[in-house]
Every structure is written in structure tokens, then in C-alpha cells.
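Hi,

Here is the structure I promised to pass on. Have a look at it first, and then read my notes underneath.

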Amino acid sequence: MLDYYLSPDRISSRKIRLFVSVLLIVCSSLLQTFVLQTFMAPSDLLSSGFTGLAILISKITGLFGFGFSTSLGILALNIPAALFCAGKISKRFVFLSCLQFSLTSLFLDIFDFQPLFDDITLNVLFGGFFYGIATVIALKTDGSTGGTDFIAMYVSDKMRRSIWDFVFGFNVIVLLIFGSMFGWIHAGYSILFQLISTKTISSFYHRYSQILVEITTQHPEEVAEAFKKEFRHGMSIIPAYGAYSQANYFLCRSIVSSYEEHQVLDCIRQVDPRVLLYTQKVDHFYGNFYRKPIE
């Protein structure tokens, strides 16, 4: 079993996964920068989380005659949050999140994307959707866009539920300050922008949904042992008979989080390359369930 976990294939797989994650983080930062400059800046919209707070601080300081750049504000707000989370969630999560907001800060200084629309409604609709997609891409890598995403993921793991609606509430408070100082029209459009962004995240990121995994194998003990060590979930093993092959098999069934699906498939195939796998979405599950901490 130890040889399985230390095998060159698994070590290589982790390196490839990290490499792909870094590439996706770059895409997330680039898309976020594109949205900020193409859809939001022309319509004077405020983005979510600490990025929006950085924009607000930049606008407020501008009223007093000195500039505090948004890119610098992103770093100043996110770094303390990263240090707070560093000892509470994994180094990989913190690394990818720090890479994301650092690249966004850099890209804001080196890129100059031009507006696509003159209509504020189109900017709100397209900008809100793509801003949400940029966040989803970062979350899919087991990273984040930093700021409130750090806090939201940490608290969500503690509460075992999604708290994106609470994140939206925080953003509304920031937008109310923005509206009272710079006008309610743009604040109202920004709230709609945030709603679209938040709903996009909730629609495409399903860390807390669950699936049924059914495994057909002739090696149930090895499969169950590897599965238990890797994922810490229970498994039911049911004797079965193959009508076509006329051979004895076993059905191994378990409930896992949807974000674990590909890792489960990889783990089981490493143990039994001839295994048959079936997954199905679970609408309701009641009972004890282990949820892997953020990595």
C-alpha cells in the first residue's frame, strides 16, 4: 500500500496537477483583469471582495488629492488575509491564491484592455458573468482569488456549508458606502453585477454537492483499503454475479463529494485497471460524512 502512495506515477500526477493549476490561475487572473478593465471601469462598477474594496479605497483617496493604486490596494488587503490563513489551511491553497491576486495586481499595471460596449446594462451582464467564471476557475484549482474567498473557504469548511450569500452581503455593505459617496446609480448597477457574479459561482462551483460511486471489481479488499486511506469515506461491498462473464464480482458503493470524483476514479484505476465505475448525482444524503479540508 505504501508503494502505491509513493509510486512515481502518483508523484508525477501531483506535479502535473500543480502545473495545470498554475496555468489555470494565470487564466483566472487574466480574465479578472480583462473584466475589470473592459466591463467595469467604463461603467464605474465596483467588483467583489477585497478587489472591490481596493477600488473603493483608490476612489476615496483620489478625493483627497493623492492616489492609492488599485493594484497596490489588492496586495495590501490580501497579504494579511493570506498570512492569517497560512497556518489554518494548506500551503497549496495559500500559494495558488497568492499567485492569483499577485498576478491580477501585476496584470492591472501591464495590460490596457479596451471597452467592448457603451451600454452599462451589457457591461453589468457580461462583466458579472465572466467575473464569476474567473473566480470559479481559481476555486476549481483548489485555490481562490484571495480576500473574501480566503475567508469564505475557511469558514465554509468549518460550517460545512456554502456561505457565498454572506459574501454577497459583505459586498453590498461596501457598495452602500460606494453609493453614498459616489452616486446610487452606479452602486445599484454594481449590486446587480455582484448578484450575477455570485450566482455564477454558486452554479458552477459545487464543493458541497455529493455523488454516488459504484465500483464493480474482483478485488474488493484492495479497492476498499486504497479508497479508505485516500478519502476516509466508508464503503459498502455487495457480492454480485456477471451474467455475461459468468464470474463472481463485487459492487463497492460509496458517497463522495463531487469535487473528489476524478481523484476517486484515478485512485481506483491505479489499484484495479479493469474496474468498472459508475457515478450518479445524489440529491439528499443523511448521516455522518467526512469532508476533506481545503488543500
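Below is what turned up when I went through it.

One thing before you start: this is a predicted model, so please read everything with that in mind.

Let me begin with the inside. The largest nonpolar core has 30 residues. If you want a way in, look for Val-35, Met-40, Leu-46, Phe-150 and Phe-193, which have the most contacts inside that core. Quite a few helices feed into it: H2 (8–40), H3 (49–63), H4 (70–86), H5 (91–110), H6 (120–140), H8 (164–182) and H9 (184–204) each give two or more residues. There is also a second, separate core, made of 13 residues, with Val-223, Cys-267, Ile-268 and Val-275 among them.

Met-40 is a nice one to click on. Setting aside its neighbours within four places in sequence, Met-40 touches Val-35, Leu-45, Leu-46, Ser-47, Tyr-131 and Phe-193.

Next, a helix pair. H6 and H9 pack with their axes 8 Å apart, at an angle of about 35 degrees, and their crossing is right-handed. Sorted by class, the residues in this contact are 14 nonpolar, eight polar and one charged.

Finally, the cysteines. How many disulfides does the structure hold? Zero. As for how open some cysteines are, Cys-27 counts as partly exposed because its relative accessibility is 43%. Cys-98 is partly exposed too, with a relative accessible area of 23%.

Cheers

Conventions: Residues are numbered from 1 along each chain as its sequence is written. This is a predicted model: local features need pLDDT of at least 70, side-chain atom pairs count only at pLDDT 80 or more; totals for chains, interfaces and linings use all residues. Side-chain values use heavy atoms; hydrogens and water are left out. A disulfide is a pair of cysteine sulfur atoms within 2.5 Å. Buried means under 20% relative accessible area, exposed over 50%, partly exposed in between (1.4 Å probe, protein chains only). A nonpolar core is a set of buried Ala, Val, Leu, Ile, Met, Phe, Trp, Tyr and Cys residues joined through side-chain atoms within 4.5 Å. Helices (H or I, at least four residues) and strands (E, at least two) are DSSP runs, numbered from the N terminus. Contact means heavy atoms within 4.5 Å. Axes are lines fitted to C-alpha atoms, for helices over the stretch in contact, and angles run from 0 to 180 degrees between N-to-C directions. A crossing is left-handed if the near helix is turned anticlockwise from the far one by less than a right angle, and right-handed if clockwise. Ala, Val, Leu, Ile, Met, Phe, Trp, Tyr, Cys and Pro count as nonpolar, Asp, Glu, Lys and Arg as charged, and the others, Gly among them, as polar.
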